[in-house]
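Subject: Structure for you to look at

Hi,

Here is the structure I said I would pass on. Have a look at it first, then read my notes underneath.

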Amino acid sequence: MADSTRSTMTAVVHEGPTGLDGVRVTTVPVPEVGAGDVLVELRAAALNHRDLFVVSARTATDPRLVLGSDGAGVVRAVGSGVSGVAVGDEVIVNPSLGWAKADEEPSVAQVLGGPTDGTYAEFVRVPAANVAPRPAHLDWAEAAALPLVGLTAYRALFTRGRLRPGEHVLLPGIGSGVATFALLLAKTVGAEVTVTSRGEDKRRRALELGADAAIDSAGDWSARLSRPADLVVDSIGSATFESCLSALRAGGRLVSLGATTGEHVQISLRRFFLEQFSLLGTSMGSAEEFAAMLALVDEHRLRPVVDRAYPLAETPAALADLGKGLQFGKLVITTG
């Protein structure tokens with residue numbers, strides 16, 4: 001157990017060269033706890049593609065940043081004015097900052113780990129409102145893997161996508177943390193779920209996880225679906241956009257939450273309005289949705305899929321592995 005009175009800690013930071021070349025493990029000061037804050041001694045953190053986007057956008061003139069958005073651990077100190085959270089509480093961290101209600105969308109969601117120092121460290125300081133009790137059925141790695149993907153998937157499916165029991169949802173690119181958890185969430189409400197992947201092993205694992213069908217990403221998706229999709233939740237972007245539209249029924253909804261293959265697409269407006277599609281954007285989510293997501297996790301004892309765990313010192317290598325896209329589920333960092 002680490003001493004919360006320590007003045008320094010090990011952390012993974014980005015400083016200097018753009019991209020992964022600027023990522024290193026170093027020693028930094030332990031954050032000071034201010035009014036309304038808590039200090040969490042992290043037991044695990046989880047990687048997200050967001051980390052890769054953050055480091056690719058930073059330059060040599062930017063100040064040092066502790067990376068990481070997801071984490072779980074034990075509260076070691078609380079600031080003045082904090083109630084409902086106590087030293088010794090086992091918690092998970094909600095990485096979405098300053099967003100209380102689902103219908104109060106910020107122009108750009110603020111996320112832990114850029115520009116605010118994040119969770120790839122022995123300690124993290126966050127507002128007390130951004131911690132919640134660790135679900136009792138989750139181990140530390142699973143708890144750390146949950147927050148960002150759970151919140152993102154919940155908002156995409158239910159708040160924006162308005163998924164209802166019995167509807168058919170299509171999840172392109174199964175294997176990511178968001179897609180694998182969206183599969184679990186969709187099945188809790190009785191949806192039919194089809195996934196796509198180029199990899200046979202990922203399709204097999206998705207079926208084992210509960211998917212009703214898994215198809216190869218190559219070729220015509222619509223010809224291989226049991227029926228057109230009511231809802232598509234896509235994080236891939238330009239490479240799959242046309243296939244996503246082709247898979248929808250008339251009046252269907254496409255929720256976009258990422259653009260890993262590119263942000264620009266072409267669309268036939270005539271087709272779009274004649275078939276009465278809805279195109280919806282989403283990013284992260286609110287504290288209200290985070291609580292609702294945790295309630296579903298507790299009720300159905302859902303477990304995020306953890307592909308592999310790395311020690312904190314190997315985080316730079318873990319980020320490189322994340323960029324290769326070979327994982328099924330989440331890559332996790334153990335910190336204590």
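Below is what I found, going from the whole chain down to single residues.

First, the ground rules. This is a predicted model, so I kept to its limits: local features need pLDDT of at least 70, side-chain atom pairs count only at pLDDT 80 or more, and totals for chains, interfaces and linings use all residues. Residues are numbered from 1 along each chain as its sequence is written, and side-chain values use heavy atoms, with hydrogens and water left out.

**The chain as a whole**

The chain has 9 helices and 18 strands (DSSP runs numbered from the N terminus: helices are H or I with at least four residues, strands E with at least two). Its radius of gyration is 20 Å, close to the 20 Å that the globule rule gives for 336 residues, so the chain is as compact as a globular protein of that length. Both terms need a gloss: the radius is taken over C-alpha atoms, and the rule is 2.2 Å times the number of residues to the power 0.38. Along the principal axes, the C-alpha atoms fill a box of roughly 60 × 40 × 35 Å. Of the 336 residues, 53% count as buried (under 20% relative accessible area; exposed is over 50%, partly exposed in between, with a 1.4 Å probe and protein chains only). Among contacts (heavy atoms within 4.5 Å) between residues at least 6 apart in sequence, 71% join residues at least 24 apart.

**Two domains and the core between them**

The domain assignment gives domain 1 (8–145 + 304–334) and domain 2 (161–281); such bounds come from an automatic or database assignment. Their centres, taken over C-alpha atoms, are separated by 29 Å. Domain 1 puts 10 residues into the contact and domain 2 puts in 11 residues.

The largest nonpolar core has 55 residues, and Leu 157, Val 169, Phe 181 and Leu 185 touch the most other members. Both domains give residues to this core, so it lies between them. By nonpolar core I mean a set of buried Ala, Val, Leu, Ile, Met, Phe, Trp, Tyr and Cys residues joined through side-chain atoms within 4.5 Å. Apart from it lies another core, of 17 residues, among them Leu 52 and Ile 333.

Leu 157 is worth clicking on. Not counting residues up to four places away in sequence, Leu 157 touches several residues, including Val 169, Leu 185, Leu 231 and Val 233.

Pro 304 is another one to find, in the loop between α8 (287–300) and β17 (306–311). Pro 304 is buried, with a relative accessible area of 5%. Leaving out residues up to four places away in sequence, Pro 304 touches Leu 138, Glu 142, Ala 145, Leu 146 and Phe 181. Its C-alpha atom is 6.0 Å from that of Leu 146, although the two residues are 158 apart along the chain.

**The parallel sheet**

An open sheet of 6 strands runs β13-β12-β11-β14-β15-β16, with parallel pairing (two strands pair if DSSP finds at least two bridges between them). β13 (213–216) and β16 (278–281) stand at the edges with a single partner strand each, so one side of each has no neighbour in the sheet. The twist averages 20° from one strand to the next.

Strands β11 (168–171) and β14 (229–234) pair over 2 bridges, and Val 169 has Leu 231 as its bridge partner in β14. Helix α3 (147–160) lies across β11, β14, β15 and β16, at about 150° to β14. Helix α5 (200–209) touches β12 and β13, making about 170° with β13. Angles run from 0 to 180 degrees between N-to-C directions, with axes fitted to C-alpha atoms (for helices, over the stretch in contact).

**The buried strand β3**

What encloses β3 (37–46)? All of it is inside: 10 of the 10 residues are buried, so β3 is largely enclosed by the rest of the structure. Strand β3 pairs antiparallel with β9 (123–127) over 5 bridges, with Leu 39 opposite Arg 125. Another 8 bridges join β3 to β5 (70–78), also antiparallel, and there Val 40 has Val 75 as its bridge partner. With β18 (330–334), β3 shares 3 bridges in the antiparallel sense, and Ala 44 stands opposite Thr 334.

Cheers
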